[in-house]
Amino acid sequence: MIDLSVKNIKGVGAKTAEYLEKLDIKTVKDLLKHYPIRYLEYKAPTKISEVNKDEEVVIKATITKNISLTGPNRKIAATKITDYIDLIDVIWYNSSYLRATLKQGESYIFVGKFSRRSKNTLEHPTVYTIDEYEKKIGSFKPVYALTAGINNNAMEKLIKSAFEYTDDKDFEEYLPESIRKEFSLKDRNKAIRNIHDPISKSSLFESKKRLAFDDFFRFLYGMKLLKNKRLRVKSKNIVSKEIKYLEEIKSTLPFKLTDSQNNVIEEILNDMSSGVVTNRLIQGDVGSGKTVVALICLYMAVKSGFQGVVMVPTEVLAKQHFKSMSETLGKLKNPPKIGILTGSMTKKEHLAVYEKMEAGEIDIVVGTHALLVEDVKFKNLGLVVTDEQHRFGVRQRTTLSDKGEDVHVLVMSATPIPRTLAIILYGDLDISTIETKPVGRLPIKNAVITENDREKAYRHISLEIGKGHQAYIICPMVEESENIEAENVIEYSKKIEDKFSQNCKIEVLHGRLQQKEKDDIMSRYINKEIDILVSTTVIEVGVDVPNATVIMIENAERFGLATLHQLRGRVGRSELQSYAIFVRTSNSNIAKKRLEIIGNSNDGFYIASRDLVLRGPGELFGLAQSGELDFGIADIYNDNDIFEMAKNAVDMVQSENIGEEESKKLEERINNYMDLHYKKLAL
Ligand code: ADP
Ligand code: MG
């Protein structure tokens, strides 16, 4: 019955059904899952003289005058009430019917707010009889997300009626008894009823805990099932971890790998040689040296007869990886053949690359989204690497790996994310972390300055350029338009010309430039033909010019902390001392606070955790509007302890023998759930 359309509910006509649909409520079940967004407490009434007129008040008072109808079309009902100390006005909109129900001389409970225009007028309060209200004192009133046509009281009533169309089987318990005991979980059926009709704070807490637990548990269990399934798949794709080849490629590098890098490479090679399909996330802060880890793995795959591919989110990055990988591989006696595929290449060029890839004449290809088209085929794809994974979606991860059989997948990301989110986004992956940066790196020196200190900043940049180093200046972000952004950059670079010596070469980089121009500028910057690059955030991720030692970020408060950290990561990529200058142009507290955090720490994980606190859930990671992290009642940012509980519960179910029947029942439920929700949740 729970899947019945809402239209079957008594009192729901076509109109109401239509309104409900706006809230994505189509069935009885949807209605029951329309959980309250918050609760109001039924508080004990207070004297008028004691209330705070800016807040919702509860007043017990007597009506002193029959209700009159006033205003245009006589649609406003008005009267006066008194608690025998004060006398105040009350009005209701569109409520002429009250004339028949509220009587002069009778006492009622009024719950509402005072008008902002007149502090002596209670505006559109809800009215209760004293008996009715007294029964409710101490309990809670659910507050729902609404849409035009349905007010909160109507929603409450609808949900109450919806329960009449269910029976206990609809919320059948699926958790094994042992799990419920271990984590003190309330009965599911009771929890769902109680969440809409809470009788006390503690019962509400328990119900919310149970439902949030369910959200997390089913998701995590589902992820586990997926992962187990993957691990059971035997792969023919076996990459050798032959020391000879490893030594060979390492010997071409101008540096020694860090222990961290070596460990991660070993983890990956163990995976890829083990006969199961690898799915691994490589996490490492900006500048920790992820690219070379990817290159070595690709080389090992090629040595085992496979082709490999690296996908990156921008053309600038594709060119950079192509260049650096070509250089490194070029030092080998028998170098693999490497190709590039990006959107700005001509059709003819594309076709030529496709052909070579399919014929197996290219061993490693670096590219952008252009790799995802159907025409891209491989002879024998063995390894897919996605760099800056947070810029892509999971589906794109699979589109590429679908171009081969049992393809190993590595995804790399510098965006440090809190543990909960990492498990949610990458829960089906194994995780390796590059813990440390290459030796000899000096911590970046940070300065947060105000506009008054710009001149000083320019002088500092001049000093660095005098030493033969290079600089970035990032111009303010303009959300609305790339055109305005481009103008900004150009104007800014003109304005600063006379701040620097004549032979200081300044150029601009922005999204409106042709790809060829961008490439040209980047390669001249890499070749030190440009001293200062005035740029938009097009250089935000991945760009690697070790000789750049200073980055100045204008209007820094406009950027999120994660972006600022990524931008700062453009410097500090060599043994040279590097500097980050953040220009604060707002005096707001939040601006100050945000920049204080970035100015005082170079630690990406710390910054991400602070960002979470400051900016709140969704905005971070650009997931705000996507609704993809919609867990119903559970809040991935604030319900950490419930999340951990659910995670432990999944481990418990897996390790303990809960009996074949229980376990089958559970898997069935979870699989159903995954069918419904996983697609939505997997980014
Ligand atoms: P990210 O992890 O941000 O992608 P990159 O792979 O771009 O970092 O590496 C940053 C810089 O550090 C590059 O110039 C790279 O050549 C250099 N690098 C990488 N590993 C080492 C190492 N072990 N020792 C010294 N420099 C290294
Ligand atoms: Mg990188």
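This report describes the overall make-up of a predicted protein model, one pair of helices and three individual residues.

The model is predicted, so local features need pLDDT of at least 70 and side-chain atom pairs count only at pLDDT 80 or more, while totals for chains, interfaces and linings use all residues. Residues are numbered from 1 along each chain as its sequence is written, and side-chain values use heavy atoms, with hydrogens and water left out.

**Overall make-up**

The protein contains 23 helices and 21 strands; these are DSSP runs numbered from the N terminus, with helices (H or I) of at least four residues and strands (E) of at least two. Its C-alpha trace spans about 100 × 70 × 45 Å along the principal axes. Of the 683 residues, 53% are buried (under 20% relative accessible area; exposed is over 50% and partly exposed in between, with a 1.4 Å probe and protein chains only). The accessible surface amounts to about 32,900 Å², and carbon and sulfur atoms supply 49% of it, by the Shrake-Rupley method with a 1.4 Å probe. Among contacts (heavy atoms within 4.5 Å) with a separation of 6 or more, 73% join residues 24 or more positions apart.

**Helices α9 and α11**

Helix α9 (residues 243-250) and helix α11 (residues 290-303) have axes that come within 10 Å and cross at roughly 135°. Axes are lines fitted to C-alpha atoms, for helices over the stretch in contact, and angles run from 0 to 180 degrees between N-to-C directions. The two helices are therefore oblique to each other, the class left after angles under 35 degrees (roughly parallel), over 145 (roughly antiparallel) and 65 to 115 (roughly perpendicular). Tyr 245, Leu 246, Glu 248, Ile 249 and Lys 250 of α9 meet Ile 296, Tyr 299, Met 300 and Lys 303 of α11.

**Arg 38**

Arg 38 belongs to strand β1 (residues 38-41) and is partly exposed because its relative accessibility is 48%. Beyond its neighbours within four places in sequence, Arg 38 contacts Lys 141, Pro 142 and Val 143. Arg 38 and Ala 145 lie 107 residues apart in sequence, with 9.2 Å between their C-alpha atoms.

**Positive phi values**

Tyr 84 has a positive phi in a residue other than glycine, and the same description applies to Asn 94.

| Residue | Phi | Loop | Relative accessible area |
|---|---|---|---|
| Tyr 84 | near 70° | between β4 (76-82) and β5 (87-93) | 66%, exposed |
| Asn 94 | near 45° | between β5 and α3 (98-101) | 56%, exposed |

Conventions:
Chains lettered and ligands numbered in written order.
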